[in-house]
Amino acid sequence: LPIYRLMARLTIRGTSVNLPAFLEEATFTPVTPGALTGKLVSSFDFSDAELRALTMRDIRLTDGRIHSIRAEAADITEADVNCVEFSNCELSSLSWTGGVISRTRFNACKLLGAKFANVTMKHVVFVDCKLDYATLSRVRALGPVMFVRCHLREAEFTGCDMTRALLDECDLTLTSFGKGRYAGCDLRGNDVSTILGASNLRHVIATSGQLIGLAQALATELEIRITDEREF
């Protein structure tokens with residue numbers, strides 16, 4: 001029995017991501033943390049575990065669910081993750097280095113201070129996730145990537161290619177956009193008045209109503225003093 005029949009599609013303002021649609025009658029094989037290293041793991045279910053440390057290295061995960069996992073520390077290195085759903089996970093001090101994440105959904109996950117470095121993402125969506133203080137370094141969006149209703153307070157994007165990304169209804173308080181590629185990145189639906197690095201956001205998509213917020217962010221970045229001309 002196949003795990004999924006067709007890809008589900010999530011579309012927001014013309015940006016679409018393809019995600020796995022699992023059949024209700026699909027059979028998943030329960031796995032333990034010891035199975036998540038150095039091999040192909042498919043049609044799997046990894047759920048309801050509390051761990052001191054979660055480590056996944058040089059592994060290929062496909063057609064599976066990772067649900068309600070709590071880990072005090074998490075280290076994922078050179079993983080190929082395809083058609084996987086992460087839901088209600090709390091991965092403290094997550095370090096995700098290298099590899100590819102594709103057709104994958106992160107739903108209601110707590111990833112405070114997570115570090116994604118040199119990761120390729122395509123058709124990936126984060127929904128209702130807490131990514132405050134997260135660092136995304138040299139992340140490449142080769143396919144559309146969405147952040148929907150996510151907390152990204154004081155998160156940092158550094159050296160990223162986010163040309164096919166979309167952020168919608170996110171908390172972008174003091175979110176830092178460092179040098180990178182953002183052409184076509186859709187920022188509509190967000191308060192951008194307190195973001196950092198506004199000058200790096202060349203060719204993004206915004207609404208006329210966001211121009212004041214972008215101007216405020218840029219003025220802060222350039223340390224422009226705003227005053228009443230009558231003071232002089």
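Which residues do ring pairs link into a cluster? Keep that in mind while reading these points on a predicted model.

1. **The ring cluster.** The cluster holds Phe86, Trp96, Phe106, Phe116, Phe126, Phe147, Phe157, Phe177 and Tyr182, linked by ring pairs. The structure holds 10 aromatic pairs. Two of them are worth a look in turn.

2. **Phe86 and Phe106.** The centres of these two rings, Phe86 and Phe106, are 4.6 Å apart, and their planes meet at 10°. Planes under 30 degrees apart count as stacked, so the Phe86 and Phe106 pair is stacked. Phe86 sits in strand β5, residues 60-87, while Phe106 sits in strand β7, residues 94-107. The pair therefore ties together parts that are 20 residues apart in sequence. Is Phe86 buried or exposed? Phe86 has 2% relative accessibility, so it counts as buried. Phe106 is buried too, with a relative accessible area of 3%.

3. **Phe157 and Phe177.** Here is another stacked aromatic pair: Phe157 and Phe177 lie 5.2 Å centre to centre, with 5° between the planes. Phe157 belongs to strand β13 (residues 156-158), and Phe177 to strand β15 (residues 176-177). This pair therefore also ties together parts that are 20 residues apart in sequence. Both Phe157 and Phe177 are buried.

4. **Thr120 and its partner.** Thr120 is found in strand β9, which covers residues 120-127. Its relative accessible area is 8%. Buried means under 20%, so Thr120 is buried. Which side chain does the side chain of Thr120 join in a polar contact? The partner is Arg140, at 3.1 Å. Leave aside the neighbours within four places in sequence, and Thr120 is in contact with Gly99, Val100, Ile101, Arg140 and Leu142. Arg140 thus appears in that list of contacts and in the polar contact as well.

5. **Asn190 in a loop.** Asn190 is placed in the loop between β15 and α1. Is Asn190 buried or exposed? Asn190 counts as buried, because its relative accessibility is 8%. Its side chain reaches backbone atoms. One is the backbone nitrogen of Glu169, at 3.1 Å from the side chain of Asn190. Another is the backbone oxygen of Arg188, which the Asn190 side chain reaches at 3.2 Å. Beyond its neighbours within four places in sequence, Asn190 is in contact with Leu167, Asp168, Glu169, Cys170, Leu172 and Gln210. Glu169 is therefore one to find on the structure: it is among those contacts of Asn190, and its backbone nitrogen is reached by the Asn190 side chain.

6. **Positive phi angles.** Most residues other than glycine have a negative phi. Check the backbone at the residues below with that in mind. Arg103 is not a glycine, yet its phi is positive, about 45°. Arg103 is in strand β7. With a relative accessible area of 32%, Arg103 is partly exposed. Arg138 is not a glycine either, and its positive phi is about 55°. Where is Arg138 placed? Arg138 is in the loop between β10 (135-137) and β11 (140-141). Arg138 counts as partly exposed, at 44% relative accessibility. Glu223, just after α1, also takes a positive phi, of about 55°.

7. **Ala8 and Leu19.** Ala8 is found in strand β1, residues 4-12. Its relative accessible area is 33%, so Ala8 is partly exposed. How many residues apart in sequence are Ala8 and Leu19? They are 11 residues apart in sequence, while their C-alpha atoms are 5.0 Å apart in space. Ala8 is in contact with Val17, Asn18, Leu19, Pro20 and Ala21, leaving aside its neighbours within four places in sequence.

8. **α1 and what follows.** Within α1, buried residues include Gly213, Leu214, Ala217 and Ala219. Now turn to the surface. Which residues make a nonpolar surface patch of about 400 Å²? The patch is made by Leu218, Leu222, Ile224 and Ile226. Ile226 lies in the segment after α1 (211-221). Ile226 has 69% relative accessibility, so it counts as exposed.

Methods
Residues are numbered from 1 along each chain as its sequence is written. This is a predicted model: local features need pLDDT of at least 70, side-chain atom pairs count only at pLDDT 80 or more; totals for chains, interfaces and linings use all residues. Side-chain values use heavy atoms; hydrogens and water are left out. Patches are made of residues with over 30% relative accessible area and no salt bridge: like charges are joined within 9 Å, nonpolar side chains (Val, Leu, Ile, Met, Phe, Trp, Tyr) within 5 Å. Accessible areas come from the Shrake-Rupley method with a 1.4 Å probe; for residues, only the protein chains shown count as cover. A salt bridge is a side-chain nitrogen of Lys or Arg within 4 Å of a carboxyl oxygen of Asp or Glu. Helices (H or I, at least four residues) and strands (E, at least two) are DSSP runs, numbered from the N terminus. Buried means under 20% relative accessible area, exposed over 50%, partly exposed in between (1.4 Å probe, protein chains only). A polar contact is a pair of N or O atoms within 3.5 Å; within protein, one must be able to donate a hydrogen and the other to accept it, and residues adjacent in sequence count only if both atoms are side-chain atoms. Contact means heavy atoms within 4.5 Å. Rings of Phe, Tyr and Trp (its six-membered ring) pair if their centres lie within 6.5 Å; planes under 30 degrees apart count as stacked, over 60 as edge-to-face and the rest as tilted.
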